[in-house]
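Please find below a short note for discussion, set out as numbered points on aromatic contacts, one sheet and a surface patch.

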Amino acid sequence: MSDIVSNGQAAETQAIEGRALRDKFLADNTLFLGPDPEIMRNHSLAPRTAAEDAILKAGMDPHRTHHIRGLINSALSEAFTMVNQMGAAPGAKWGDLVTGIYTNSGDLAMIAPHGIIAFAACCFYPIKFIIKYWVNDPTVGVKDGDGFIHNDARYGGVHNTDQSMMVPLFYKGELICWLSSTIHEGENGACEPGGMPAAAESKYDEGIKMSPFKVVENFQLKRDLVTFLQNSVRDPKLQLEDMKVKLHAVMRLRDRIVAILDQYGKDALIGTLRSHLEDVETEMRRRIRELPDGTTRVLQFMDSSLRESAMQKVSCAITVKGDRMVVDFRGSAPQFLNRSVNTNIASFKAALCTGLLQNVWPDLPHTMGVLSPIEIVSDRNSIMDAEGEMPQAMSLMPLFKACVVWTIPMSKFNYSLPHRYSAIIASQYDQAATFIYGGLTQHGEVTGNFCADINGNGQGARSHADGEHSVSPVFGFMADSGEHEINEEDTPIIRLGAQRLAKDRIGWGKYRAGMGYEQIATARGTAMWGFMTGCEGSKFPSAQGLFGGYSCPSYQLMKIKGINIFKVLEENPNAVEVFDIVELMNKQPIAGGQYSSNDMGMTFEVCNEGEIYMICQGSGGGYGDVLERDPALVMKDLAEDLMSHENAHDIYKVVYDEASLTVNEAATKKLRDQTRRERIARGKPFDQFCKEWVTKEPPANVPYFGSWNDPKTIYATSMGQRITMPADQLQGAFMLNPKDLRIAELEAELAQIKAKHA
């Protein structure tokens with residue numbers, strides 16, 4: 001009997017050893033370490049480490065913790081300023097960057113007080129990848145003096161133009177925390193210059209895609225890898241300079257944190273970082289409990305794939321019950337198989353974090369703890385939860401929607417609260433309205449990047465005041481819109497008109513939105529130059545109004561081709577009275593010019609010297625009924641030339657003397673009362689309106705993407721045909737090449753002409 005037992009135990013031991021050998025073999029021979037779903041789909045705080053738990057249970061001195069937090073904040077700000085002052089990329093010069101500190105588990109604990117939240121809110125994903133896969137890998141490892149670089153958004157990031165430098169901080173041989181610096185670099189070797197290729201039809205068109213890898217040892221850049229990266233982009237000088245800048249900024253940050261460790265000890269720092277995260281998460285749950293239980297909803301639409309018109313639905317329902325908040329995006333548009341406007345769920349969550357901190361609770365510290373208690377639900381393979389092979393080069397389109405998606409549903413929750421933490425606010429303009437460029441500079445250098453006036457989106461109107469003009473980018477709150485003189489020194493771009501507020505292009509309301517500005521550009525002194533624009537909202541407004549306020553208008557790209565404005569002005573300096581988009585397009589003062597109005601989603605196009613491209617930074621949404629606007633505020637806008645008399649009369653229904661801007665109060669009240677009665681006369685019972693308006697499915701002539709009446713059924717146009725898909729089995733939509741479609745149209749026309757004249 002004992003022999004049988006002994007033999008059985010031996011067999012079991014051999015089986016265990018065999019399985020261990022098998023598992024080791026598989027682990028050592030993994031084919032490809034792609035983005036890890038276990039990491040990428042988890043935005044919650046990691047459990048406390050044993051050290052964190054012991055430190056917090058022993059108790060923290062709140063005064064010392066507050067002081068250490070201030071020292072960290074100062075160190076992050078100093079490192080941010082270093083990058084801002086020394087960086088080569090336009091994004092570095094004008095504030096599209098961040099520095100951050102993370103726990104030794106990789107959780108984002110703090111960022112610089114004026115950095116881009118989303119950059120850091122994404123960067124913990126690649127840090128956790130490094131911890132999981134490289135720390136114990138004998139061919140890689142993580143030690144003091146190492147630095148890792150990364151840009152592929154599929155491993156965590158906003159989009160591939162953003163490059164991060166991540167450095168582990170060891171103290172007395174122990175990994176204490178992680179430090180990072182991220183810049184929107186722009187040029188990355190994609191199929192179009194500037195790093196954001198709208199023409200990308202696969203991820204292999206997007207330029208370099210860096211999974212997290214070691215590029216620094218002993219605090220020095222590895223020149224072989226630097227050379228490889230320089231060889232992969234159009235602007236090798238920028239690539240080298242900003243890698244150095246990010247590394248040395250993080251090294252300065254490291255010096256400051258080591259000084260804190262020397263003075264207060266590792267337990268004080270570790271406890272401060274962890275308590276900071278947990279305090280924010282606790283405060284988030286408390287604020288959610290303050291909200292009334294229920295569900296609020298908003299629908300957003302993107303009207304372009306940047307290659308063709310496409311109505312893409314973003315469906316959002318926010319449900320609150322107790323301290324639980326669920327944000328549900330099911331029923332939204334499916335992913336595109338060959339268009340660049342997809343994003344992954346990790347990037348989308350980072351944009352949600354940005355929007356929550358900018359528009360709803362801006363007083364909260366910028367940490368992972370903000371998003372940690374919120375549940376986020378989406379359909380797999382939807383446009384905001386796209387599969388890894390999908391192109392994501394212009395992921396800004398759904399990401400910018402995520403930045404503002406909170407404003408309307410959260411305003412409905414917050415409106416009834418006796419205590420609010422910020423003003424109720426309508427949506428900010430949410431498009432990347434700027435010129436992306438590339439070509440040969442006047443200095444003979446190859447370059448590609450974007451202009452900093454992307455950072456001037458109009459603010460939504462507030463519940464107590466008008467919105468601020470061109471206040472910030474939708475993805476940040478402290479970025480600058482740049483100095484055009486500096487840009488003209490570096491590139492052949494000449495601004496014929498810049499940052500003139502766009503008259504009459506307003507989100508109207510009791511309080512009007514902040515306005516955007518016009519951007520009019522051309523090129524001079526270059527043998528090869530071109531522009532692209534990556535915007536939606538040319539047919540469907542981007543920023544929604546709130547509580548009766550108007551949405552912003554739609555905005556188009558205008559061109560005057562076939563001319564050289566410099567020669568025109570040499571021959572007749574008075575040929576153009578003012579470089580104003582409306583004046584130029586309506587009066588068409590330049591003889592021989594080819595004037596056109598176009599969708600703002602323009603792929604890269606060559607700009608000959610003196611040809612004119614014109615776009616407009618947008619307005620936010622308005623707040624409240626236009627008939628409740630104080631006539632004095634209407635007169636103020638007229639006096640500042642922000643609007644026309646036509647709109648003051650037609651929209652605001654104000655009666656006044658146009659010369660003196662003196663309001664006739666009695667006549668205004670009479671006109672507004674009459675307008676209200678006319679509204680009532682036009683009104684219909686809700687059931688009758690639905691009967692006349694609601695249809696069973698989307699209009700056949702609209703390329704529609706998303707659910708209609710049932711969130712479980714998704715509509716799409718693929719290969720030129722309307723299709724439906726179950727929401728839990730999304731595959732995606734394949735779009736035909738617009739040039740092929742145009743060729744087919746012209747061939748059909750030619751065939752008709754030939755037949756007619758046969």
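1. A residue is called buried when its relative accessible area is under 20%. Phe-129 therefore counts as buried in this predicted model, because its relative accessible area is 3%. Tyr-155, at 5% relative accessibility, is likewise classed as buried.

2. The model contains 19 aromatic pairs. In one of them, Phe-129 and Tyr-155 meet edge-to-face, with 5.3 Å centre to centre and 90° between the planes. This pair links distant parts of the chain, 26 residues apart: Phe-129 belongs to helix 6 (residues 117-133), whereas Tyr-155 sits in the loop between strand 3 (147-150) and strand 4 (162-171). Ring pairs also tie Phe-129 and Tyr-155 into a cluster with Tyr-133 and Trp-134.

3. Tyr-429 and Tyr-555 form an edge-to-face pair because their ring planes stand at 70°, with the centres 5.4 Å apart. Here 126 residues separate the partners: Tyr-429 is in the loop between helix 12 (407-414) and strand 12 (436-440), and Tyr-555 is in the loop between strand 16 (529-534) and strand 17 (557-561). Tyr-429 is buried at 1% relative accessibility, and Tyr-555 is buried at 3%.

4. An open sheet of five strands has the order 14-15-20-17-18, with antiparallel pairing. Strand 14 (493-501) and strand 18 (594-598) are its edges, each pairing on one side only. Within the sheet, strand 15 (residues 517-523) and strand 20 (residues 612-616) are joined by four bridges; Glu-518 has Cys-616 of strand 20 as its bridge partner.

5. Leu-440, Val-446, Met-528 and Val-606 make a nonpolar surface patch of about 300 Å². Val-606, located in strand 19 (residues 601-606), is partly exposed at 38% relative accessibility.

Definitions and conventions
Residues are numbered from 1 along each chain as its sequence is written. This is a predicted model: local features need pLDDT of at least 70, side-chain atom pairs count only at pLDDT 80 or more; totals for chains, interfaces and linings use all residues. Side-chain values use heavy atoms; hydrogens and water are left out. Patches are made of residues with over 30% relative accessible area and no salt bridge: like charges are joined within 9 Å, nonpolar side chains (Val, Leu, Ile, Met, Phe, Trp, Tyr) within 5 Å. Accessible areas come from the Shrake-Rupley method with a 1.4 Å probe; for residues, only the protein chains shown count as cover. A salt bridge is a side-chain nitrogen of Lys or Arg within 4 Å of a carboxyl oxygen of Asp or Glu. Helices (H or I, at least four residues) and strands (E, at least two) are DSSP runs, numbered from the N terminus. Buried means under 20% relative accessible area, exposed over 50%, partly exposed in between (1.4 Å probe, protein chains only). Two strands pair if DSSP finds at least two bridges between them. Rings of Phe, Tyr and Trp (its six-membered ring) pair if their centres lie within 6.5 Å; planes under 30 degrees apart count as stacked, over 60 as edge-to-face and the rest as tilted.
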